Amino acid sequence: MYGNAYIDPNQQHSILEGEDMEKLAAFEARIAQGDKIEPHDWMPKEYRKQLIRMIEQHAHSEIIGSLPEGTWITRAPGFRRKLALMAKVQDEVGHAQLLYAAAETLGKRRESMINDLISGKSKYSNVFNYPAPTWADSAVIAWLIDAGAIINQVTNSKGSYGPYCRALDRICAEESFHLKYGHDNVVFLATGTKVQRQMVQEALTRWWPPIMHFFGPPDKSSVHGEILMRWKVKMASNDDMRQQFMNMYVPKIWDLGLQIPDPNLRKNEQTGKWEYTEPDWNEFKRVINGDGPCNAERLAVRRTAEERHRWVRRAILGQGVEYVTPLA
Amino acid sequence: MIIQSLDPRVTRARIDQEKEFQPLDQLDQFETYEVFHQKKRGQQHSHVGIVHAPNAELAMVFAKEQYSRRGQCVNLWVVRTRDVFITEYEDADIFETTPAKLHREAESYKVMDRIQAYKERQEA
Ligand SMILES: [Fe+2]
Ligand SMILES: [Fe+2]
């Protein structure tokens with residue numbers, strides 16, 4: 001999951017406590033008729049809170065996600081692939097910029113988001129805590145993680161918060177290059193020598209569990225979940241997005257003669273749904289909470305980037321600067 | 001402990017994994033500029049987003065990087081967010097055209113009936 005709206009079902013008090021019911025009704029009516037909510041509009045506290053968390057997580061995912069892929073920039077096979085990978089990684093950092101801006105319109109400053117990322121208070125997509133030990137891993141990431149990201153982003157771009165939808169529209173326009181580039185790299189290896197095929201198969205085997213984790217655990221149905229759907233903060237269940245992903249990409253993977261490491265994976269022709277082994281959700285929780293193979297390195301790299309350039313930012317910060325919340 | 005990474009760039013940077021982080025101060029990321037671009041000559045400029053920058057010149061550099069990465073831009077404007085005056089959505093009713101202002105609408109000018117009636121009177 002890139003960024004995910006989620007209300008703890010054990011939360012005792014009503015999330016609507018203290019809200020102005022008349023304003024709430026007008027707000028919900030606006031969303032129901034397909035209107036977007038804009039930064040200065042009235043909104044329930046929980047709507048703001050969920051969106052900040054979701055967009056912020058998404059922004060962190062983009063910026064941290066550029067690290068596993070960046071691993072192979074210096075050793076990309078050939079100049080064209082090196083240029084393409086640099087462009088893709090730059091795009092991802094640009095996506096983070098757009099998303100931080102969208103979250104900022106809800107009132108959280110960019111400094112606070114960066115601080116919360118580095119301190120571990122804010123999360124980012126779990127998949128980026130795994131390493132990319134070979135070039136083939138970077139190919140699998142660019143194809144399949146970006147494919148998952150596209151499903152998530154296209155879905156969320158139909159949501160109710162204007163600035164997030166607009167950022168996602170811009171992002172999705174760039175993602176098609178990422179997907180094609182990743183597919184191209186995977187196909188090249190999968191149709192290549194025995195060694196190349198083996199390399200891409202091993203990368204797929206490594207990445208399949210994180211890919212299954214990507215959309216998050218199955219959502220339990222809850223009153224809170226319904227509210228997030230009604231507010232168009234959450235646009236599809238995690239399982240629906242996972243099914244959509246499998247529907248689109250499992251046949252393409254099989255088509256290349258690659259094996260997916262799940263003996264139970266098959267499409268049930270009666271229900272039209274994919275059946276599969278649930279990935280290890282305990283591992284998912286453990287990694288999200290800091291105990292993955294690369295969590296410490298990812299955050300240390302991010303922290304160092306902020307630290308080592310701070311003196312430059314201080315030197316160019318002018319007099320009389322005054323921050324106001326961005327408009328849209 | 002100095003990080004030994006799969007990424008040679010990270011290893012070269014000699015990053016101490018345990019180092020304590022001093023949180024960023026409030027204006028570390030500067031203020032924001034609103035960015036407008038023109039897709040091609042003859043079209044209007046339109047708002048595309050923001051950049052954080054210490055001054056207009058750097059805002060322009062960042063805006064070019066962020067908003068014209070894939071062509072489709074011939075001109076950029078940046079303006080400090082705090083210099084933009086805005087209306088509030090809750091005042092959106094000021095834009096509603098009231099029925100009393102139909103005299104400003106083309107469709108409230110109907111002459112064909114009058115011409116028709118005139119012609120009929122002439123023939124009679
Ligand atoms: Fe992205
Ligand atoms: Fe991408």
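In the predicted model, the number of disulfides over all chains is 0. C165(A) accordingly takes part in no disulfide, and the cysteine sulfur nearest to its own, that of C172(A), is 10 Å away. The same pair can be considered from the other side: the closest cysteine sulfur to that of C172(A) belongs to C165(A), and the 10 Å between them is too far for a bond, because a disulfide requires the two sulfur atoms to lie within 2.5 Å. As to their surroundings, C165(A) has a relative accessibility of 4% and therefore counts as buried, whereas C172(A), with a relative accessible area of 21%, is partly exposed.

The secondary structure of chain A consists of 12 helices and 2 strands, which follow one another from the N terminus in the order α-α-α-α-α-α-α-α-α-β-β-α-α-α. The globule rule gives 20 Å for a chain of 328 residues, and the radius of gyration of chain A, at 21 Å, is close to that value, so the chain is as compact as a globular protein of that length. Along the principal axes, the C-alpha atoms of chain A occupy a box of roughly 65 × 60 × 35 Å. Of the 328 residues, 57% count as buried, and among contacts with a separation of 6 or more, 79% are made between residues 24 or more positions apart.

The model contains two iron ions, ligand 1 and ligand 2, which are 3.4 Å apart and are both coordinated by E92(A). The protein donors of the iron ion (ligand 1) are E62(A) (OE), E92(A) (OE), H95(A) (ND1) and E175(A) (OE), at distances of 2.1 to 2.7 Å. Along the chain these donors have the spacing E-x29-E-x2-H-x79-E. Distant parts of the chain are linked in this way, since E62(A) belongs to helix α2 (residues 45-70) and E175(A) to helix α6, the two residues being 113 residues apart. The angles subtended by the 4 donor atoms around the iron ion (ligand 1) run from 82 to 155 degrees, and the arrangement is therefore irregular. E62(A) is buried because its relative accessible area is 1%, and E175(A), at 1% relative accessibility, likewise counts as buried.

The iron ion (ligand 2) is coordinated at 2.0 to 2.2 Å by E92(A) (OE), D146(A) (OD), E175(A) (OE) and H178(A) (ND1). In sequence, the donors of this ion are arranged as E-x53-D-x28-E-x2-H. Here, too, distant parts of the chain are connected, with E92(A) in helix α3 (residues 79-104) and E175(A) in helix α6 (residues 162-190), 83 residues apart. Both E92(A) and E175(A) are buried. The site of the iron ion (ligand 2) is irregular, with angles of 82 to 169 degrees among its 4 donor atoms.

In soluble globular proteins, nonpolar side chains tend to be buried together. The largest nonpolar core of the model comprises 104 residues, and the members that touch the most others are Y47(A), I55(A), L144(A), Y161(A), W208(A), W231(A) and F245(A). Helix α5 (residues 135-156) of chain A makes the greatest contribution to this core, with 13 residues. For W208(A), when residues up to four places away in sequence are not counted, the contacts are with F245(A), V250(A), I253(A), I260(A), P261(A), D262(A) and L265(A).

Two further residues were examined individually. A139(A) is located in helix α5 and is buried, as its relative accessible area is 0%. Beyond the residues up to four places away in sequence, A139(A) touches G182(A), N185(A), V186(A) and L189(A). The C-alpha atom of A139(A) is separated by 7.4 Å from that of H183(A), although the two residues are 44 residues apart along the chain. N126(A), by contrast, is situated in the loop between α4 (110-119) and α5. With a relative accessible area of 4%, N126(A) is nevertheless buried, and its contacts, leaving aside neighbours within four places in sequence, are with H213(A), F284(A), V287(A) and I288(A).

Definitions and conventions. Residues numbered from 1 in each chain as written. Chains lettered and ligands numbered in written order. Predicted model: local features only at pLDDT ≥ 70, side-chain atom pairs only at ≥ 80, totals over all residues. Heavy atoms only, no water. Core = buried A, V, L, I, M, F, W, Y, C linked by side-chain atoms within 4.5 Å. Buried < 20%, exposed > 50% of the residue type's maximum accessible area, 1.4 Å probe, protein only. Helix = DSSP H or I, 4+ residues; strand = E, 2+ residues; numbered from the N terminus. Contact = heavy atoms within 4.5 Å. Donors = N, O, S within 2.8 Å, 3.2 Å for Na, K, Ca; no water. Tetrahedral: all angles 85-135°; square planar, octahedral: opposite > 155°, others 65-115°. Rg over C-alpha atoms; globule rule 2.2 N^0.38 Å.
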